[in-house]
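Here are a few exercises to work through with the model open beside you. Try each task before you read its solution.

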Amino acid sequence: MGRRVAIVAFNGDPEFFAHVLLNALDMNGKGYEVKVVVEGGATRALVDLSREGQPYADLCREARGKGMIDCVCGACAAKTGALEGIEALGLPLRGEMKGHPSIAAYMEQGYQVMTF
């Protein structure tokens, strides 16, 4: 098994979320298997930053294109009003842990978990 990292993004600040994507893409380029899990306010940031013309739309597009955004929290996407946008982006929603993705599931698969 190679180097595996699950980056869990909670912070909805666009600059902060852009740095999550920058780091994920950097690690991916260096041979890491990277999965980004989008939680909390970051669900809204993902939708907002994915819009064409936004400063970080290219980062979102690249991460999505490489399949690095593993899932989005369904409960948080609904709460932040991002659910429709997440569905339009075709990203998978998860909520096996009382409406949220299970971080333990990534750990059980051998991923090092990082939270932002």
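**Exercise 1. Two helices**

Work out how H2 and H3 are oriented to each other, and which residues make the contact.

*Solution.* Keep in mind that this is a predicted model.

Step 1: Start with the geometry. The axes of H2 (residues 42-50) and H3 (residues 57-65) come within 7 Å, crossing at roughly 110°.

Step 2: Classify the angle. Anything from 65 to 115 degrees counts as roughly perpendicular, so H2 and H3 are roughly perpendicular to each other.

Step 3: List who touches whom. H2 brings Leu-46, Leu-49 and Ser-50 to the contact, while H3 brings Ala-57, Cys-60 and Arg-64.

Step 4: Sort them by class. The H2 contact with H3 comes out as four nonpolar residues, one polar and one charged.

**Exercise 2. A strand and its partners**

Find the strands that pair with E3, and decide whether E3 is largely enclosed or not.

*Solution.*

Step 1: Take E2 (residues 33-38). E2 pairs with E3 in the parallel sense, over three bridges. Look for Val-38, which stands opposite Val-72 in E3.

Step 2: Now try E4 (residues 93-94). E3 and E4 also run in the parallel sense where they pair, this time over two bridges. Here Cys-73 has Arg-94 in E4 as its bridge partner.

Step 3: Check burial. E3 spans residues 69-73, and four of its five residues are buried, so the strand is largely enclosed by the rest of the structure.

**Exercise 3. A lysine in a strand**

Decide whether Lys-35 is buried or exposed, then trace what surrounds this residue.

*Solution.*

Step 1: Locate Lys-35, which sits in strand E2.

Step 2: Apply the cut-off. Buried means under 20%; Lys-35 has 19% relative accessibility, so it counts as buried.

Step 3: Look past the neighbours within four places in sequence. Lys-35 is then in contact with Val-5, Ala-6, Ile-7, Met-68, Asp-70, Tyr-106, Gln-109 and Tyr-111.

Step 4: Pick out the polar contact. The side chains of Lys-35 and Tyr-111 are joined by one of 3.4 Å.

**Exercise 4. Far apart in sequence**

Find how Val-5 is placed relative to Gln-112.

*Solution.*

Step 1: Val-5 belongs to strand E1 (residues 4-9) and, with 2% relative accessibility, counts as buried.

Step 2: Val-5 and Gln-112 lie 107 residues apart along the chain, yet their C-alpha atoms are separated by 4.7 Å.

Step 3: Leaving out residues up to four places away in sequence, Val-5 touches several others, among them Lys-35, Tyr-111 and Gln-112.

Definitions and conventions: Residues are numbered from 1 along each chain as its sequence is written. This is a predicted model: local features need pLDDT of at least 70, side-chain atom pairs count only at pLDDT 80 or more; totals for chains, interfaces and linings use all residues. Side-chain values use heavy atoms; hydrogens and water are left out. Buried means under 20% relative accessible area, exposed over 50%, partly exposed in between (1.4 Å probe, protein chains only). Two strands pair if DSSP finds at least two bridges between them. Axes are lines fitted to C-alpha atoms, for helices over the stretch in contact, and angles run from 0 to 180 degrees between N-to-C directions. Angles under 35 degrees count as roughly parallel, over 145 as roughly antiparallel, 65 to 115 as roughly perpendicular and the rest as oblique. Contact means heavy atoms within 4.5 Å. Ala, Val, Leu, Ile, Met, Phe, Trp, Tyr, Cys and Pro count as nonpolar, Asp, Glu, Lys and Arg as charged, and the others, Gly among them, as polar. A polar contact is a pair of N or O atoms within 3.5 Å; within protein, one must be able to donate a hydrogen and the other to accept it, and residues adjacent in sequence count only if both atoms are side-chain atoms.
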